[in-house]
Amino acid sequence: MATIKEGGVYKVGDQFQNAKGEKVSAPRSTAGAPEGTALPDDFPGRAKLVKGKITTLEAVRAAPDADIIALDGIAETLLQQIRAAQGA
Amino acid sequence: MSTTGTYTIADLLSNRDAAEARVIDYTPEALIQPLNDALAAHNAQVQDMMSDLVARTTERTGTYGVQQDAEMVEADEFTRAPTQKGQAKGSVGWPLGKKQFALGWTNDYFIRTTVKDMVEKQILAQRAHVNALRRGVRDALFGPTNYTAYERYDVEAYDQALSIKRLLNADGDPIPINRNAASFNGATHSHYIGTTSTSGAGLNTALMSLVDDVIEHDHGGAVRIYINRAQEATVRALDGFTAYLAPGIIAGITADRAAGTLDTTRLDNRAIGQFHGAEVWTKPWMPAAYYFAFDSSDSRKPLRMREPVERQLRGLRRAAELNTFPLHAQYMEAHFGFGAWTRTNGAILHADAGNGGVYVAPTF
């Protein structure tokens, strides 16, 4: 599984920098497979959920509507599709 | 009947006697016109080459990223709803610099030089101009961190600090909500993405996410993915990819095929197929292991190229020592600078097993 790091930190030359070009420490990594059923490739809003660190069906079911809508790029219409696809 | 047409550099080079003749034996008027015509054609051509990615401007700064969201208030007969304000705005700047190509001749050389030598110098200068523009576009696109440039060519704003931005890079600037009223967090939302997956299902997922990154900001007219030719085989093997067929090949009746034809006359600047609705192109200027997605049909281009306000200073030009004697020039010059404009219309993926999932800025 690809190692995912926090956004907004980049490697420029030998340094890690933030978006403003300021030197920062290396970002934390979250390697390894999470417990639960991974979201299928065709799951609605999969990319946005994964970006928001919601990567399993169990996590989708457990997350309140407000938490999912708070993720970048998810509004009411997509939330309804997610809820319809998440199953019992 | 004599043939008609316009004298061009090609005529000068093909006419061996004229090509070997010395410049000093001709009147300047006989030589300057085809040279200037070739320069004008070159300048028009380079603008056309960049037109899918770059819009032109003479402005120093612009506003970007106005947040527009509001709510209506429940009211009765006597309610006076409070005024809603505080639309956050971001800004973008575009630098202006000058590049020179030295023609570098002494007076002795100029007296002895041939027409062919002069023409070849201009062709070399045109090549250098293309290289400089290419480097400018790549630096503006692939660099993930903002920087400050200082105004040096606008007398009225001399020494003004210009904030040169990139595509969305989680710098905290506001990001417009999309047409579905979805919002984005400017402090965490980045279009510079790193992945350790370089092939197969992992890369397939990362590329799908890359395309989504562009479309979710209402840039969905004609999304393209640009890749280096070194990634062509990898992309062709992805589950989400459907290839264009070469002319003369007819797909099997049950086989999927993309609606397009493979250009077999070139290898490193052609559309090779479709990936989840985005057209995949190989491009010679793309660095290896990077994937760039953007909407090529949107008039809101990812970059802007700033040019001087003075028309005479735009494009590649001969910087004559005296304007009445344009051939007497030590340098050819071009004034330009690149910066991000529509920061949402573009996303870049760096796929490398050794990058630890962090986007690494390429070096050119």
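How do the residues lining the second largest cavity divide into nonpolar, polar and charged? Some notes on that and on the aromatic contacts follow; bear in mind that this is a predicted model.

1. The cavity lining first. Its residues split into one nonpolar, one polar and six charged. They are A:Ala47, A:Lys48, A:Lys51, A:Asp72, B:Ser209, B:Asp212, B:Asp213 and B:Glu216. Helix 1 (46-51) of chain A and helix 6 (200-215) of chain B each put at least two residues into this lining.

2. As for volume, the second largest cavity holds about 50 Å³ of space. The structure has four cavities of 30 Å³ or more.

3. On to the rings: there are 11 aromatic pairs over all chains. Take B:Tyr226 and B:Trp285: their ring centres are 5.7 Å apart and their planes stand at 80 degrees, over the 60 degrees needed, so this pair counts as edge-to-face. B:Tyr226 sits in strand 8 (residues 223-227) of chain B, while B:Trp285 is in the loop between strand 11 (278-282) and strand 12 (290-295), so the contact ties together parts of the chain 59 residues apart. Both residues are buried.

4. B:Phe292 and B:Phe294 make a stacked pair, because their planes are at 10 degrees, with ring centres 5.0 Å apart. B:Phe292 and B:Phe294 are both buried.

5. One aromatic cluster takes in residues from both chains: A:Tyr10 joins B:Phe142, B:Tyr192, B:Tyr290, B:Tyr359 and B:Phe364.

6. Have a look at the charges over rings too. B:Lys283 lies over the face of B:Tyr226, 5.1 Å from the ring centre. Over the ring of B:Trp94 you'll find the charged end of B:Arg304, 4.9 Å from the centre.

Conventions
Residues numbered from 1 in each chain as written. Chains lettered and ligands numbered in written order. Predicted model: local features only at pLDDT ≥ 70, side-chain atom pairs only at ≥ 80, totals over all residues. Heavy atoms only, no water. Phe/Tyr/Trp six-rings, centres within 6.5 Å; stacked < 30°, edge-to-face > 60°. Helix = DSSP H or I, 4+ residues; strand = E, 2+ residues; numbered from the N terminus. Buried < 20%, exposed > 50% of the residue type's maximum accessible area, 1.4 Å probe, protein only. Lys NZ or Arg CZ within 6 Å of the ring centre and 35° of its normal. 1 Å grid on protein atoms, 1.4 Å probe; cavity = no way out; pocket = protein on both sides within 12 Å on 5 of 7 lines; lining within 4 Å. Points joined across faces, edges and corners; volume = space filled by probe spheres on them. Nonpolar A, V, L, I, M, F, W, Y, C, P; charged D, E, K, R; others polar.
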